[in-house]
Amino acid sequence: MKSAKTYIQENKERFLEELIDLLKIPSISADSAYKNDVIKTAEAVKVSLEKAGCDSVEICETPGYPIVYGEKIIDKKLPTVLVYGHYDVQPPDPLDLWDSPPFEPVIKKTELHPDGAIFARGSCDDKGQMYMHVKALEYMTSTGQLPCNVKFMIEGEEEVGSSSLGWFVERNREKLANDVILISDTGMIAPDVPSITTGLRGLSYVEVEVTGPNRDLHSGLYGGAVANPINVLTKMIASLHDENNHITIPGFYNDVQELSITERAKMAEAPFSKEAYKKALDIEDVYGEAGYTTNERNSIRPTLDVNGIWGGYIGEGAKTVIASKAFAKISMRLVPDQDWKKITELFTKHFESLAPKGVRVKVKPHHGGQAYVTPIDSIGYRAAEKAYEATFGKTPIPQRSGGSIPIVALFEKELKSKTILMGFGLDSDAIHSPNEHFGIWNYLKGIETIPQFYHYFTEMSS
Ligand code: BES
Ligand code: MN
Ligand code: MN
């Protein structure tokens with residue numbers, strides 16, 4: 001029987017070309033100007049699943065962008081793997097910081113990717129990683145080695161909060177019934193340090209608006225005599241952290257699960273170089289909550305960050321003006337057992353209370369989701385561990401990530417199954433940033449490792 005390694009070697013060029021074609025479609029879910037392209041991408045994913053051997057593939061309409069659903073059921077008595085991924089991408093801007101256009105993929109070598117990497121928006125997050133599963137399925141079906149049933153659910157709204165997916169899951173529990181959920185939408189520590197993501201942070205995303213006078217004012221005639229919304233907003237934001245970088249919202253930490261000393265010691269065993277981290281980001285020092293290491297700050301601790309802030313005059317030259325309004329977008333990353341809706345309320349109440357007389361404050365909640373932690377003794381985790389051992393020759397390290405995939409907690413609640421996060425991207429792959437890329441080696445290694453997961457999961461389930 002043909003090995004995955006051989007199959008990949010024989011089909012490598014085609015695997016790359018097909019992914020590149022998918023990356024050329026600008027499926028930006030946040031920007032309605034790209035609506036047709038998002039829908040076109042769903043159709044391309046459907047065709048790819050049909051070619052990879054799914055028996056039936058549908059484009060399922062939702063209140064938002066469609067969900068592509070495909071399945072291959074070989075025997076109802078065998079286990080079922082549900083693969084989740086997303087075909088939408090983040091907006092590519094700022095465009096001028098890209099070395100090549102975001103939707104014209106190019107292959108270039110980098111220090112961490114000596115075999116080359118594909119540079120394009122979505123290459124790593126998540127089209128490239130999602131497509132590894134399509135190609136792994138193609139390998140298994142075309143060589144008669146699919147050991148169990150498989151279902152694919154690929155959505156087009158992950159980057160904007162997955163609201164239609166929740167809607168879809170609640171209405172299709174039976175159709176989506178499975179024994180394990182498999183996702184490649186995270187990262188790994190390094191090519192020679194495989195890891196399995198065991199945790200995701202939750203999220204509460206809000207937008208705030210501060211309104212002062214009813215119109216923009218001359219900053220000489222009125223300056224000093226009325227509250228300037230931008231001054232006020234920045235002062236309010238600055239007060240959200242204290243001198244130890246703790247978040248000052250009353251009750252914010254109430255439900256935070258603290259890790260034991262043993263758990264923290266275990267975490268600290270993962271290889272990490274603070275020097276390399278600083279060098280890669282060109283910063284003199286790291287920064288964050290007192291009492292925690294960098295890896296703790298970005299995974300097991302909750303945070304609050306301004307993602308955007310605007311107001312007033314930002315054109316060329318100077319204009320003397322006090323703007324009537326100032327705005328900011330703020331994300332809070334959450335950990336078990338913080339409840340994102342409760343945190344959104346605490347934030348709103350506190351932020352409103354910070355406003356001095358003379359301004360009005362509005363808080364508009366966007367989206368959110370719960371944090372997730374997966375156990376390392378489930379069949380799914382152990383099967384993934386064996387899969388990595390088979391293709392990397394090393395036992396993967398469990399690692400909690402700082403990112404969020406809000407739907408994962410909902411999957412567990414609605415479908416009652418565990419999610420296994422087999423990510424193959426690197427932190428330096430610049431997801432959400434200009435020059436996003438995905439290593440060719442990583443892409444092919446993913447395609448090679450996934451069938452091993454199916455094999456061990458089926459074997460260990462019986
Ligand atoms: N794939 C990422 C999440 C991710 C990346 C998790 C790397 C762990 C490691 C996902 O597409 C994403 O960007 N999620 C958003 C949240 C969403 C609600 C917009 C995020 O984390 O900002
Ligand atoms: Mn993603
Ligand atoms: Mn993303």
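## Exercises on a predicted model

Helix α11 is followed by Lys 416, a residue with a positive phi near 60°. The model you are looking at is predicted, and the exercises below walk through some of its local features.

### Exercise 1: the end of α11

Task: Where is Lys 416 found, and is it buried or exposed?

Solution.
- Step 1. Place the residue: Lys 416 sits in the loop between α11 and β17.
- Step 2. Look at the backbone: the phi of Lys 416, near 60°, is a positive value in a residue other than glycine. Most residues other than glycine have a negative phi.
- Step 3. Check the surface: the relative accessible area of Lys 416 is 67%. The cut-off for exposed is over 50%, so Lys 416 counts as exposed.
- Step 4. Turn back to the helix: the buried residues of α11 are Ile 407, Val 408, Ala 409, Phe 411, Glu 414 and Leu 415.

### Exercise 2: the site of ligand 2

Task: Which residues coordinate the manganese ion (ligand 2), and how are they spaced in sequence?

Solution.
- Step 1. List the donors: His 86 gives NE2, Asp 125 gives an OD atom, and Asp 185 appears twice with OD atoms, at 2.0 to 2.4 Å from the manganese ion (ligand 2).
- Step 2. Judge the geometry: the six donor atoms around the manganese ion (ligand 2) make angles of 56 to 165°, and the site is irregular. Six donors count as octahedral if opposite donors are over 155 degrees apart and all others between 65 and 115, so the 56° angle rules that label out.
- Step 3. Read the spacing: the donor residues of the manganese ion (ligand 2) follow the pattern H-x38-D-x59-D.
- Step 4. Locate the two aspartates: Asp 125 is in the loop between β5 and α3, and Asp 185 is in the loop between β7 (180–183) and β8 (195–200); the pair links parts of the chain 60 residues apart.
- Step 5. Check burial: Asp 125 and Asp 185 are both buried.

### Exercise 3: the neighbouring ion

Task: Which residue bridges the manganese ion (ligand 3) and the manganese ion (ligand 2)?

Solution.
- Step 1. Collect the donors: the manganese ion (ligand 3) is coordinated by Asp 125 through OD, by Glu 159, listed twice with OE, and by His 432 through NE2, at 2.1 to 2.5 Å.
- Step 2. Find the shared residue: Asp 125 bridges the manganese ion (ligand 3) and the manganese ion (ligand 2), and the ions lie 3.6 Å apart.
- Step 3. Follow the chain: Asp 125 lies in the loop between β5 (117–119) and α3 (127–142), while His 432 lies in the loop between β17 (419–421) and β18 (437–439), so this pair ties together parts that are 307 residues apart in sequence.
- Step 4. Compare the sites: the angles among the six donor atoms of the manganese ion (ligand 3) run from 56 to 155°, and this site too is irregular. Its donors follow D-x33-E-x272-H along the chain.
- Step 5. Set accessibility side by side: Asp 125 is buried at 6% relative accessible area, whereas His 432 is partly exposed at 39%.

### Exercise 4: backbone angles to check

Task: Which peptide bond that starts at Asp 125 is cis, and what is the phi of His 432?

Solution.
- Step 1. Start at the bridging residue: the peptide bond from Asp 125 to Asp 126 is cis, with omega near 0°. Asp 126 is in the loop between β5 and α3.
- Step 2. Add a second cis bond: the one from Asp 93 to Pro 94 has omega near 5°, and Pro 94 lies in the loop between β3 (80–86) and β4 (106–108).
- Step 3. Move to the other metal ligand: His 432 has a phi near 70°, a positive value in a residue other than glycine.
- Step 4. Put these in context: most peptide bonds are trans.

### Exercise 5: a pocket and its lining

Task: Which elements give two or more residues to the lining of the second largest pocket?

Solution.
- Step 1. Size it: the second largest pocket holds about 400 Å³ of space.
- Step 2. Find its centre: of the 17 lining residues, Trp 340, Gly 368, Gly 369, Pro 406 and Leu 410 lie nearest to it.
- Step 3. Name the elements: α4 (163–171), α9 (340–354), β14 (360–369) and α11 (407–415) each give two or more residues to this lining.
- Step 4. Sort by class: the lining has five nonpolar, nine polar and three charged residues.
- Step 5. Assign domains: at least three lining residues come from each of domain 1 (4–200 + 371–461) and domain 2 (205–256 + 302–369).

Note on methods: Residues numbered from 1 in each chain as written. Chains lettered and ligands numbered in written order. Predicted model: local features only at pLDDT ≥ 70, side-chain atom pairs only at ≥ 80, totals over all residues. Heavy atoms only, no water. Donors = N, O, S within 2.8 Å, 3.2 Å for Na, K, Ca; no water. Tetrahedral: all angles 85-135°; square planar, octahedral: opposite > 155°, others 65-115°. Helix = DSSP H or I, 4+ residues; strand = E, 2+ residues; numbered from the N terminus. Buried < 20%, exposed > 50% of the residue type's maximum accessible area, 1.4 Å probe, protein only. 1 Å grid on protein atoms, 1.4 Å probe; cavity = no way out; pocket = protein on both sides within 12 Å on 5 of 7 lines; lining within 4 Å. Points joined across faces, edges and corners; volume = space filled by probe spheres on them. Nonpolar A, V, L, I, M, F, W, Y, C, P; charged D, E, K, R; others polar. Domains from an automatic or database assignment.
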